[in-house]
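The exercises that follow are meant to be worked through with the sequence and the 3D view side by side. Each one sets a task and then goes through a solution step by step.

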Amino acid sequence: YRELADEPSVPQILREAIKRAHEAIRQYPKGNSLSNMGTTAVVAAIRGERLYVANVGDSRAYILRQGKLRQITDDHSKVAALVRAKVITAEEAKTSKIRNELNRSLSAVRTEVEADIFEEDFRDGDTLLLCSDGLWGPAGDSNIRAIVSKLAPDLAVERLIQIANQAGGP
């Protein structure tokens, strides 16, 4: 991002930053025990009063505005696609055997990566949370909302990690 920060288009900067991260993973030496590694990504930039978010996989961005928590990003997983198609419910997705299978990721084995870009106003009093499934899965939206709305950011982070770990989060 820093190398591209002079570019006028924030969405393009975020897309390119994610592509460069993907390429770095793809260039990892073949034959190494981590040569098939992969990850998800969620990144954000705020310019003025505009929030820009990019994601690949099931790492998420949430915004807390006036006490209401809203997921900004869409998950790129097989179960999320089934929920969107109304084949299964969100409740069923939580225990599905394919809940960790991704349609998109930054990965040594994928040739290309495509990030979704989200843009919206970022207002005084808004709180932004970026997290992986290791947090949102075990912690749950209601805990996330309650903690982020009541605690200072550094304390909220510590408490959310504690709750996710207590719930068996990885």
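Helices and strands are here DSSP runs, a helix being H or I over at least four residues and a strand being E over at least two, and they are numbered from the N terminus. The model is a predicted one.

**Exercise 1. Place Gln-66 and Lys-86 among the helices and strands, and describe their backbone and their exposure.**

Step 1. Gln-66 sits in the loop that runs between β4 and β5 (68–71), while Lys-86 belongs to the loop between α2 (78–84) and α3.

Step 2. Turning to the backbone, Gln-66 has a positive phi of about 50° although it is not a glycine, and Lys-86, likewise a residue other than glycine, has a positive phi near 65°.

Step 3. A residue counts as exposed when its relative accessible area is over 50%. Gln-66 has a relative accessibility of 76% and therefore counts as exposed; Lys-86, with a relative accessible area of 75%, is exposed as well.

**Exercise 2. Work out the overall architecture of the protein and how compact it is.**

Step 1. The secondary structure comes to six helices and eight strands, and along the sequence these follow the pattern α-β-β-β-β-β-α-α-β-β-β-α-α-α.

Step 2. The radius of gyration is 17 Å, close to the 15 Å that the globule rule gives for 170 residues, so the protein is as compact as a globular protein of that length.

Step 3. The C-alpha trace spans about 45 × 45 × 30 Å along its principal axes, and buried residues make up 38% of the 170 residues.

Step 4. Among the contacts with a separation of 6 or more, 60% are between residues 24 or more positions apart.

**Exercise 3. Describe helix α1, its buried residues and what covers them.**

Step 1. Helix α1 covers residues 10–26, which is 17 residues, and it reaches 24 Å from its first C-alpha to its last, close to the 24 Å expected at 1.5 Å a residue.

Step 2. The buried residues in α1 are Val-10, Pro-11, Ile-13, Leu-14, Ile-18, His-22 and Ile-25. When reading such a list, it helps to recall that an α-helix has 3.6 residues a turn, so residues three or four places apart point the same way.

Step 3. The cover over these buried residues of α1 includes the strands β1 (38–39), β2 (41–47), β3 (50–56), β6 (106–107) and β7 (116–121).

**Exercise 4. Find which residues and elements build the largest nonpolar core.**

Step 1. This core has 14 residues, and the members that touch the most others are Tyr-62, Leu-129, Cys-131, Leu-135, Ile-144 and Leu-160.

Step 2. At least two residues of this core come from each of β4 (60–65), β8 (127–131), α4 (133–139), α5 (141–150) and α6 (153–166), and the largest share, four residues, comes from α6.

Step 3. Apart from this core lies another, of 13 residues, which includes Ala-45, Ala-54, Leu-106 and Ala-115.

Step 4. To look at one member of the largest core more carefully, take Cys-131: with its neighbours within four places in sequence left aside, Cys-131 is in contact with Val-42, Ser-59, Arg-60, Tyr-62 and Trp-136.

**Exercise 5. Decide whether Asp-126, Ala-164 and Thr-95 are buried or exposed, and describe their surroundings.**

Step 1. Asp-126 lies in the loop between β7 and β8. The limit for a buried residue is under 20% relative accessible area, and Asp-126, at 11% relative accessibility, therefore counts as buried.

Step 2. The side chain of Asp-126 reaches the backbone nitrogen of Arg-123 at 2.8 Å. Not counting residues up to four places away in sequence, Asp-126 touches Ile-63, Leu-64, Arg-65 and Asp-121.

Step 3. Ala-164 has its place in helix α6, and at 3% relative accessibility Ala-164 counts as buried. Leaving aside neighbours within four places in sequence, Ala-164 is in contact with Gly-134, Leu-135, Pro-138 and Gly-169.

Step 4. Thr-95 is found in the loop between α3 (90–93) and β6, and at 62% relative accessibility Thr-95 counts as exposed. From C-alpha to C-alpha, Thr-95 and Val-157 are 26 Å apart in space, with their positions 62 residues apart in sequence.

Technical notes: Residues are numbered from 1 along each chain as its sequence is written. This is a predicted model: local features need pLDDT of at least 70, side-chain atom pairs count only at pLDDT 80 or more; totals for chains, interfaces and linings use all residues. Side-chain values use heavy atoms; hydrogens and water are left out. The expected span of a helix is 1.5 Å times one less than its number of residues. Buried means under 20% relative accessible area, exposed over 50%, partly exposed in between (1.4 Å probe, protein chains only). Contact means heavy atoms within 4.5 Å. A nonpolar core is a set of buried Ala, Val, Leu, Ile, Met, Phe, Trp, Tyr and Cys residues joined through side-chain atoms within 4.5 Å. The radius of gyration is taken over C-alpha atoms; the globule rule is 2.2 Å times the number of residues to the power 0.38. A polar contact is a pair of N or O atoms within 3.5 Å; within protein, one must be able to donate a hydrogen and the other to accept it, and residues adjacent in sequence count only if both atoms are side-chain atoms.
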